[in-house]
Amino acid sequence: MGEQKEAIIKVRNLSKSFGGVKALNNVSFDLLEGEVFGIIGPNGSGKTTLVNTITGFVKPESGEVFFKNIKLTGLPHYKIADLGVTRTFQVVRPFLSLRSFKNLIVPLWSSRARRFAGSRGGDRDAVAIDLLEEVGFERDAYVPYKLASALPLGYLKRLELARCLALRPEVIICDEVFSGLSMSEIASMVPLIERLRTRGVTLIMVEHRLRELFSVADKVIVMNFGEKLAEGVPEQVMQDEKVRRAYLGEEIKL
Amino acid sequence: MAKQISTFERRKERLDRGIKARTEGLYAISSWREVSYLLAPRAGFIIILFLLPLVVPGLYWQRVLALAGVYALLALSFDFLAERVGLVCIGGAFMIGVGGYISGALNYYLMLPVFLTIPIGTLGGALICTLLWVPCLPLRGIYFAVVTFMFPFLTQSIILAGNLFEGTEGLSPIKGFPNTWIAVYLIVILILLSIFGLRRLCGEDIGVVFAGVKDNDQAVFASGINVTRVKIYALYIASLIGCFAGTFVAHFSGFVGVSLFAVDFSIMPIAACIMGGPGTMAGPVLGAFILAPLSELLRGFGQLRVVLYCLVLVGFILFKPEGLLSWATRKYHQIEHWVKV
């Protein structure tokens, strides 16, 4: 960890509209290396569109995204993942016909993973099972060998994270990893996020679960109707009058 | 696994045989009996394929067998693309035509020998098929299928309109194989190589990526892989098989003409695939070896044969959608009997 942290991702004046709806309106922010960065906002405020535009799944109308001074805007989505900016999907996208560990063979086969593969590069199955164990698949209970279609949502969300980790990412953009999970599943997910942070991965977390997000986030931006409403450390953002009114209501107790 | 039957008094009980391991495709083998239990169907398949040309009566049926082999290769190529990669490509006739015209033209104009024209026709034909289909890859599902289906008609029209390669006359004679035995065994060996090669390929990591593309291509993109490139690999592999079949047809019939683009080459593999069992690799081959001779037997009925195809297709889709091979596999692995409830 160096003292001078650099902006790893710079978002500049992003705009995108779907028909008459301005999903993103002139959104800009900087993301420092190693930071956990939260994006919150009411439903339909443009959070997922923001994720999609950064990772190249949606082309913005104007504005730019930079990753370490490489311009991401205009690059195809697989190239962006190849650079190390990876994402999870809010609606999980596992390969249902494959076993869990075989799901990770796909990212491990990518050219980025192969560049990083060391002496064990040939044995992708073993690497995949190790990765799954890292995100909490119990090897002793043979969970990594189960078909992805037989897994409950909690494991599928972890599988999404593991797919990102297989690419040795520098940035992981988590699109609502906590959504749809039970309280105990969320509780076991938080340490995993903490562990990723200590490994130096920069995280963007789009979330509705504020309590858990604020326990890990260094910085938060609030979105509303496609616009950035506020930015700052979680406590500071919560004090913001605009945020209270637009998103959290008049009274909030955490 | 027990399946409830509509009556209350008795039901069909299905028991796995001892060897069938807990997970699909993973076996714990402990004796020669179990090894032979697993090997017997596979070995039987190979042995029967090798024996068939010996037992059929006469040259005519040997030729039918070779033609069935051509359909088997096409069915295999269709099955691989549709079931393992998720690309529904009804381009069998195009592969046959391109492969056939390349090797035929090389032989007719340049007098190249058969052992050169077949590899050139296979590799070059697959390259041409793939390059022409690449622009269609952004299309999904049925749209890709329709466009690939149109390619043979398009090429046929170009050849006829431009009077290319002697137009309607076609190129003749093309040098044939020394004798029918060589031809039949060539195609049998190629079928076996293709089946086991494709199965091996699908077990490798790239095969897993193919399965991923079929399951969810967005997740493959998110994994930093260019899905289009993966699809191109798959198309090339499948086209290799199809174009080899094309070069074979050209030399086998001693003639190259627009009949190579016949719609049969596109449709029959699908029927064979559905009949034999989609996704099983060996199943479509089995289907082709049943359908092609059957259609020869019914040659006397002329166009009514098409009705038979349709009946077979509809019957299998309605009553045995899993296909012959999947059904046989289940029967082989499970004991069924009725029990009183």
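Two residues count as being in contact here if their C-beta atoms, placed from the backbone, lie within 7 Å. With that in hand, here are some notes on this predicted model.

1. **Helix H1 and the sheet beside it.** Helix H1 of chain A, residues 47-54, lies across strands S1 (7-18), S2 and S4 of chain A. Relative to S2(A), helix H1 runs at about 65 degrees.

2. **The four-stranded sheet.** Strands S2, S1, S4 and S5 of chain A make an open sheet in the order S2-S1-S4-S5, with antiparallel pairing. Strand S2 (21-32) and strand S5 (70-71) of chain A are the edge strands, each pairing on one side only.

3. **A short link at one edge.** Strand S4 of chain A, residues 62-67, is joined to S5(A) by two bridges, and the two strands run antiparallel. If you would like a residue to click on, try A:Phe67, which stands opposite A:Ile70 in S5(A).

4. **The six-stranded sheet.** Chain A also has an open sheet of six strands, ordered S6-S7-S8-S3-S9-S10, and here the pairing is mixed. Why do strand S6 (85-87) and strand S10 (227-232) of chain A each have one side left without a neighbour in the sheet? Both stand at the edges with a single partner strand, so one side of each is left free of a neighbour there. From one strand to the next, the twist averages 20 degrees.

5. **Strand S3 and its two partners.** S3 of chain A, residues 36-40, pairs in the parallel sense with S9(A) over four bridges. S3(A) also pairs in the parallel sense with strand S8 of chain A, residues 202-206, over four bridges. A:Phe37 is a handy residue to follow: its bridge partner in S8(A) is A:Ile204, and in S9(A) the bridge partner of A:Phe37 is A:Lys219. A:Gly38, for its part, stands opposite A:Val220 in S9(A).

6. **Are the residues of S3(A) buried or exposed?** S3(A) is mostly covered, with five of its five residues buried. In a regular strand, side chains alternate between the two faces of the sheet. In S3(A), A:Val36, A:Gly38 and A:Ile40 point one way, A:Phe37 and A:Ile39 point the other way, and all are buried.

7. **The S9-S10 hairpin.** Strand S9 of chain A, residues 219-224, runs antiparallel to S10(A), and five bridges join them. Among the facing residues, A:Ile221 has A:Glu231 as its bridge partner in S10(A), while A:Val222 stands opposite A:Ala230. S9(A) and S10(A) form a hairpin with two residues between them. Take a look at A:Phe225 in the turn, which has a positive phi of about 50 degrees.

8. **Where chain A meets chain B.** How many residues does the contact take from each chain? The contact takes 21 residues from chain A and 17 residues from chain B. On the side of chain A that touches chain B, helix H2 (77-83), S6 and helix H4 (105-109) of chain A each supply at least two residues. By type, the residues on that side of chain A divide into ten nonpolar, four polar and seven charged.

Definitions and conventions:
Residues are numbered from 1 along each chain as its sequence is written. Chains are lettered from A and ligands numbered from 1 in the order in which they are written. This is a predicted model: local features need pLDDT of at least 70, side-chain atom pairs count only at pLDDT 80 or more; totals for chains, interfaces and linings use all residues. Two strands pair if DSSP finds at least two bridges between them. Axes are lines fitted to C-alpha atoms, for helices over the stretch in contact, and angles run from 0 to 180 degrees between N-to-C directions. Ala, Val, Leu, Ile, Met, Phe, Trp, Tyr, Cys and Pro count as nonpolar, Asp, Glu, Lys and Arg as charged, and the others, Gly among them, as polar. A residue is buried if 20 or more other C-beta atoms lie within 10 Å of its own, exposed if 12 or fewer, and partly exposed in between; C-beta atoms are placed from the backbone.
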